[in-house]
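User: I would like a close look at one strand of this protein and the strands it pairs with. Please take me through it step by step, then move on to other parts of the fold.

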Amino acid sequence: MMTDDEKLWYRDATFYEVPVRSFYDSNGDGIGDFRGLTMKLDYIKSIGMDCIWLLPFYKSPLRDDGYDISDYYSILPEYGTTEDFEKFVEEAHSRGIKVIADLVLNHTSDQHQWFKEARSSRDSKWRDWYVWSDTPDKFNGARIIFVDSEISNWTWDHVAGQYFFHRFYSHQPDLNYDNKEVREGMKDVIRFWLDKGLDGFRCDAVPYLFKREGTDCENLPETHAYFKEIRAMIEKEYPGCILLAEANQWPNNAKEYFGNQDEFHMNFNFPLMPRIFISLSKEDSFPIENIINETLPIPEKCDWGVFLRNHDELTLEMVTDEERDLMFREYAKVPKMRLNLGIRRRLAPLVDNDRSILELLHALIMSVPGSPIFYYGDEINMGDNIYLGDRNGVRTPMQWSFDRNAGFSHADSEQLYSPVITNPNYHYESNNVESMSRLSTSFLNWFRRMIIVRKQNSRVLGRGTIRFIGSDQKQILAFIREYGKEKMLCVYNLSRSPSYVELHLPEFNGWHLREAISSVRFPDIGELPYFFTLPRHSYFWLIMEAPDENS
């Protein structure tokens, strides 16, 4: 039986996003699978991850990398069997690693049996499981999300003799959540996988479930009410399991998905993510400081998921036109790097593989409010391939060694679901787990050490409050994290040049400072402003100790 504090495990956790097909191929067919993922659990444990987030592994025609589900109750055969999945979860749990999985609620594949039945006849009981119309004129306020590939949210179905509604690709019809059977059916899907050992779900595209004429069909009260029902069910039947929302919205709307601690346990901090890169480009801490203030406070038992990159494009939907133009100029100079309203690049290529920037960015998301979520391969600075279609360029095989196929598979290279990265700057022969593990100064080993330090300070960094410290140096971001008696001072230089700053800390006169990573003692804080010099793109994490704690 979990205690109330243990149920808050997600507030202290580090998350690792893994596509099953991209991680490790155990049977030589060129596609990653659950047995391969199980074989690599010790690695995931070795880099300090507390929870694995699985991308969709359900049966699917794979026209949208598994987000087009054709059977919620089956596993894609290439990934293995239900027994393989259950064994994977069991082995993860034996190592103290929790597992959450993607849950795609908004839509199905047009190959799902529900949709096949629905389109077959207007008299079918499944007809009302989807959203139909005789004209494409309803819900005109709903924006088109995939602007590069779709011209309408309605698609004519010649079999059904009607239009069906879809917020995403035209092969992904939206479910009709005004139908109680749909709502209860998705609860049954949730129960099915939680009964098999999952610790929760990352819920895909949550703002769009319900549609209402005269609105933008986003963030509707009915959508919130339904997720409160799901949360109540989980609290009653599966205590300790969590719901993580993908709600790419402006701060006020995004915060609403926490409800009154009765909706989502976590939500991705989409407002913060692009503004980290904007601050870096402008050498100005204001975008970060301002957006964090806008995203706080949130209910005590809820938490943000903070991230730098993931399997999708770096989305720029919820920024101003000026900010989007800046991001494109700075981080996507070649048009092929752009997709919809975003940038389809991995983290290392985004910042030209600059080690100082990569360290600064990772340290930042480990120290701001929220639980950090890392994308597989970013710990070894994997590159991307912008010449692969859609977002597949950031979903290439994990690079394990300098052996053929990057150690991912024993298949012939032509069999791989995707080519490995061979760009000279990110080639798998140098950017791989085996090589980086052997080099003490590698980014991978730096990442491991930083995760250890964060775990040593998980309460103050995972649950603490944040207080920004202003200065006359706009390129300096400084804040204090506080949790009970624990305090940590974090200082970041966002500039391409060395910088200095004087921080006014009068209330901490006489306090000791100890560098968190090395435990080196710094001069005590005095009456005068505390003076820092920082190299380009550098940072300090400093433990603050009251005068009576240590001599």
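Analyst: **Strand β1 and its partners**

Strand β1 covers residues 15-18. F15 and E17 point one way from β1. Y16 and V18 point the other way. All four are buried, with under 20% relative accessible area. Keep in mind that this is a predicted model.

Why do the side chains switch direction? In a regular strand, side chains alternate between the two faces of the sheet. The pattern in β1 can be read residue by residue: F15 one way, Y16 the other, E17 back with F15, and V18 with Y16.

Now the partners. β1 pairs with strand β2, residues 51-54. The two run parallel, and four bridges join them. For one matched pair, take F15: its bridge partner in β2 is C51.

β1 also pairs with strand β16, residues 371-375. This pairing is parallel too, and it has three bridges. Here Y16 stands opposite F374 in β16.

Next, a contrast in direction. Another part of the model holds an open sheet of six strands with antiparallel pairing. Its order is β17-β18-β19-β24-β21-β22. The edge strands are β17 (465-468) and β22 (521-522), and each pairs on one side only.

Look at the β17 end. β17 pairs with β18, residues 476-483, through four bridges in the antiparallel sense. Within it, R467 stands opposite I480 in β18. Helix α10, residues 286-295, lies across β17 and β18. The helix runs at about 140° to β17.

Last, the empty spaces. How many cavities of 30 Å³ or more does a search of the whole structure find? It finds three. The largest cavity holds about 400 Å³ of space. Its lining has 28 residues, and F146, F168, E246, D312 and R391 lie nearest the centre. By class, that lining divides into 12 nonpolar, seven polar and nine charged residues.

The second largest cavity holds about 50 Å³. P19, V20, R21, L55, P56, D65 and Y79 line it. Five of these lining residues are nonpolar, two are charged and none is polar.

To return to the starting point: β1 has two parallel partners, β2 and β16. Its four residues are all buried, whichever way they point.

Note on methods: Residues are numbered from 1 along each chain as its sequence is written. This is a predicted model: local features need pLDDT of at least 70, side-chain atom pairs count only at pLDDT 80 or more; totals for chains, interfaces and linings use all residues. Side-chain values use heavy atoms; hydrogens and water are left out. Two strands pair if DSSP finds at least two bridges between them. Contact means heavy atoms within 4.5 Å. Axes are lines fitted to C-alpha atoms, for helices over the stretch in contact, and angles run from 0 to 180 degrees between N-to-C directions. On a 1 Å grid over the protein atoms alone, a cavity is a set of points where a 1.4 Å probe fits but cannot get out, and a pocket is an open set with protein on both sides within 12 Å along at least five of seven lines; lining residues have an atom within 4 Å of a point. Grid points are joined across faces, edges and corners, and a volume is the space filled by probe spheres set on the points. Ala, Val, Leu, Ile, Met, Phe, Trp, Tyr, Cys and Pro count as nonpolar, Asp, Glu, Lys and Arg as charged, and the others, Gly among them, as polar. Buried means under 20% relative accessible area, exposed over 50%, partly exposed in between (1.4 Å probe, protein chains only).
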